[in-house]
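Trainee: I am new to this structure and would like a close look at one part, the surroundings of the ligand. Please take me through that part carefully.

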Amino acid sequence: MRHAWKMDLDPSAITPESVWRARRRFLRGVALAPLALGASSPARAASDDQPSGLALPAPRNAQWSTNEPVNSWRDITTYNNFYEFGTGKGDPARYAGQMRLDPWTVRIDGAVRHPVTLDIDDLRKLAPLEERIYRLRCVEAWSMVIPWTGYSLSHLLAHVEPTEDAKYVVFTTAVQPKAMPGVQEGILDWPYVEGLRMDEAMHPLTLLTFGLYGHELPAQDGAPMRVIVPWKYGFKSGKSLTRIHLQATQPTTSWMRAAPQEYGFYANVNPAVPHPRWSQATERRIGSGLFAARISTQLFNGYAKSVAGLYQGMDLRRDF
Ligand SMILES: Nc1nc2c(c(=O)[nH]1)N[C@H]1C(S)=C(S)[C@@H](COP(=O)(O)O)O[C@H]1N2
Ligand SMILES: [Mo]
């Protein structure tokens, strides 16, 4: 399992990261080419598909990384959900560049001993950054494998010292109406709000995320800072956060408010519980080609060994 990554890591000793990453994608592109009718040509992937933005280097955390092939930079930055910019998968790539990222501060407050407003540069430096390759599984039954850069959210939460009243963490996303066509259209109740139970938020897998592919997050993926909760459906992973609030009561999140019969607070990936309008038993891996077989969805998106204990004694069909 580690072996595959060792082979990938070798070339990094002699070539810049962007080159060996591109080469790996190039090789994967060749392997997939006979089936991937809808995909861009490998040559194009090698030249145009480079990570961009400021470099944000960090060592890989192998313990928390999957060994599955990563999706291309292009997949991860052009097939997005970020409803502030519209409901189309291409809308975030088209419009998110209009978002103002500088200055950017995040308020961390509520049931904490040290409420604080931190500048994004200070947040980035609060704990050592690591790269983690996580599966992301959307409730729409597609998935990707993504190399994120960040650190466990628990470091930031420990920094502000939660009080005994801190039972839930509420994440609030930026609202910039002029830059966000979806906000003007009123698709959801803005701001986008998500939440976790305190023990979920403190789990080491929950990543406060600043980068992608060794570079700062592009706007469409939630710049300058988002959260990633790999065992839950993608919508729990709020983008472009401006506030992290600790409180005693379970919050009503944006998706619970919009469609309570379809989206619960927990949103743990569970192939045995269909969405009211479609099955959750399988998923389509983005970038695997037009005729690739769907893959079986795993309980907790494959992270059961690490997180199942958080839900002992709960009925995951009722608490979906
Ligand atoms: N602010 C905000 N965060 C959001 C969303 C959104 O619409 N707005 N969509 C969520 C959903 S449904 C998914 S699947 C993931 C997608 O992240 P990605 O586009 O970086 O792959 O972001 C989540 N975070
Ligand atoms: Mo999603």
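Mentor: In this predicted model, there are 16 residues around ligand 1, and those that come nearest are Asn80, Tyr83, Asp221, Arg226 and Lys239. Sorted by character, the residues of this shell comprise 6 that are nonpolar, 6 that are polar and 4 that are charged.

Turning to individual atom pairs, an oxygen atom of ligand 1 lies 2.7 Å from an N or O atom in the side chain of aspartate 221, and an oxygen atom of ligand 1 is also found 2.7 Å from a polar side-chain atom of lysine 239. At asparagine 81 the partner belongs to the backbone, where a polar atom is 3.3 Å from a nitrogen atom of ligand 1. As for cover, ligand 1 taken alone exposes 540 Å², of which the protein buries 98%.

The space that ligand 1 takes up is the second largest pocket, and a database record can be set beside this picture. An unreviewed UniProt entry lists Asn80, Tyr83, Glu84, Cys138, Thr173, Arg226, Ser237, Gly238 and Lys239 under "binding site". Of these residues, Asn80, Tyr83, Glu84, Cys138, Arg226, Ser237, Gly238 and Lys239 are included in the lining of the second largest pocket. One of the listed residues, Cys138, can also be placed in the fold, since cysteine 138 lies in the loop that runs between β3 (130-137) and β4 (142-152).

Key: Residues numbered from 1 in each chain as written. Chains lettered and ligands numbered in written order. Predicted model: local features only at pLDDT ≥ 70, side-chain atom pairs only at ≥ 80, totals over all residues. Heavy atoms only, no water. Near = heavy atom within 4 Å. Polar contact = N/O pair within 3.5 Å; in protein donor to acceptor, adjacent residues only side chain to side chain. Areas by Shrake-Rupley, 256 points an atom, 1.4 Å probe, with all protein chains shown as cover. 1 Å grid on protein atoms, 1.4 Å probe; cavity = no way out; pocket = protein on both sides within 12 Å on 5 of 7 lines; lining within 4 Å. Sits in = over half its atoms within 2 Å of the grid points. Nonpolar A, V, L, I, M, F, W, Y, C, P; charged D, E, K, R; others polar. UniProt positions renumbered as here; feature names shortened; annotations may be inferred. Helix = DSSP H or I, 4+ residues; strand = E, 2+ residues; numbered from the N terminus.
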